[in-house]
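Biologist: Let's go through this model together, and I'll keep asking how you know what you tell me.

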Amino acid sequence: MDTDKNTTPDVAAAVESKEDAEPFTKVKSKKTQKRKREQDGVEMDTEGPVASKRPQFPPISSDKLRGPDEMRKVAVPAHRYTPLKENWLKIFTPIVENLQLQVRFNLKTRNVEIKTCKDTQDIGSLTKAADFVRAFVLGFQVEDALALIRLDELFLETFDVTDVKPLKGDHLSRAIGRIAGKGGKTKFTIENVTKTRIVLAETKVHILGSFQNIKMARTAICNLILGSPPSKVYGNIRVVASRTAERF
């Protein structure tokens, strides 16, 4: 029993001496670890991008890029056959020579058909030609409708008198008479002040012009339909027109 008690402290001392002899493990601080990660990230960013093959496509011919030929049809009412026949050469020439399109009048369907061809350079010219023919069919003069081909920012707007105020019988006739005026004086005045062209066809009102000018003319016509006297309408549109001219 005494021998066991004597050996136990010796063994414990030997173990402690061994632990003292072993070197301490150095723990890295968080700052050094973070700095190392940043350096690794910089090294990764500096590596050159991986080269990737770009797809090679053969060039497309202009015919394929333009696509198939397109066609627009404009219906012609019966009362516009004679004016169309008389002015056909004036309508035909700018569409074919300037816009490089094909045009014909289909006698069976009573439509003016406009079609693109291989000589057509701008696909937007088809829309211009269709608007030009549509303006003539609505009742505008060829010279006025021709502005739709020459200028870009011109539009057509159509509305009904009954859309502004539901009128019937003599009340509707008087409203149309107020828009036209004696001998067309009121209509001509609105056209000259707002720089638009107006066509009255029964209860329909067609306006040709730029967006801002159409807005001024439409406001004046709506006021006349609602019962405003022409003198008051003249004054209002002159004020608006002068403000617009000063702005631009």
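Biologist: What share of the contacts with a separation of 6 or more comes from residues 24 or more positions apart in the chain?

Modeller: That share is 58%. A contact here means heavy atoms within 4.5 Å. Before we go on, this is a predicted model, so local features need pLDDT of at least 70 and side-chain atom pairs count only at pLDDT 80 or more, while totals for chains, interfaces and linings use all residues. Residues are numbered from 1 along each chain as its sequence is written, and side-chain values use heavy atoms, with hydrogens and water left out.

Biologist: How many helices and strands are in the chain?

Modeller: The chain has 13 helices and six strands. They are DSSP runs numbered from the N terminus: H or I of at least four residues for a helix, E of at least two for a strand.

Biologist: What makes Ala135 buried?

Modeller: Ala135 has a relative accessible area of 0%. Buried means under 20%, exposed over 50% and partly exposed in between, using a 1.4 Å probe and protein chains only, so Ala135 counts as buried. By that cut-off, 29% of the chain's 248 residues are buried.

Biologist: Which residues does Ala135 touch, leaving aside its neighbours within four places in sequence?

Modeller: Ala135 is in contact with Phe140, Ala145, Leu148 and Leu156. Leu156 is 21 residues away along the chain, yet the two C-alpha atoms are separated by 7.4 Å.

Biologist: Where does Ala135 lie, and how do you know what span to expect there?

Modeller: Ala135 lies in helix H6, residues 125-138. The expected span is 1.5 Å times one less than the number of residues. H6 has 14 residues and reaches 20 Å from first C-alpha to last, close to the 20 Å expected. Ala135 has buried company in H6, including Leu126, Phe132, Val133 and Phe136. Just after H6, Gly139 takes a positive phi of about 125°.

Biologist: What makes E1 and E2 edge strands?

Modeller: Two strands pair if DSSP finds at least two bridges between them. The order in this open sheet of three strands is E1-E3-E2, with antiparallel pairing. E1 and E2 each have a single partner strand, so one side of each is left without a neighbour in the sheet. Neighbouring strands here are turned by 20° against each other on average, direction ignored.

Biologist: How many bridges join E1 to E3, and E2 to E3?

Modeller: Five bridges join E1 (residues 71-75) to E3, and five join E2 (residues 102-106) to E3. Set against the cut-off, E1 pairs with E3 and E2 pairs with E3. Along E3, Ile114 is the bridge partner of Arg72, Glu113 is that of Arg104, and Val112 stands opposite Val74. The E2-E3 hairpin has four residues between its strands, and Arg110 there takes a positive phi near 60°.

Biologist: How covered is E3?

Modeller: E3 (residues 111-115) is mostly covered, with four of its five residues buried. Helix H5 (residues 88-98) lies across E2 and E3, at about 145° to E2. H6 lies across E1 and E3, at about 5° to E1. Those angles run from 0 to 180 degrees between N-to-C directions, with axes as lines fitted to C-alpha atoms, for helices over the stretch in contact.

Biologist: What order do the strands take in the sheet that holds E4?

Modeller: The order is E4-E6-E5, an open sheet with antiparallel pairing. E4 (155-160) and E5 (197-201) are the edges, each pairing on one side only. E4 pairs with E6 (residues 204-209) over six bridges, and Thr158 stands opposite His206 in E6. H6 lies across this sheet's three strands too, at about 35° to E4, and helix H12 (residues 211-226) also lies across E4, E5 and E6, at about 155° to E6.

Biologist: What volume does the largest pocket have, and which residues are closest to its centre?

Modeller: The volume is about 210 Å³. On a 1 Å grid over the protein atoms alone, a pocket is an open set of points where a 1.4 Å probe fits, with protein on both sides within 12 Å along at least five of seven lines, and lining residues have an atom within 4 Å of a point; a cavity is a set the probe cannot get out of. Grid points are joined across faces, edges and corners, and the volume is the space filled by probe spheres set on them. Of the 13 lining residues, the closest to the centre are Lys215, Met216, Thr219, Asn236 and Val240. H13 gives the most to the lining, with seven residues.
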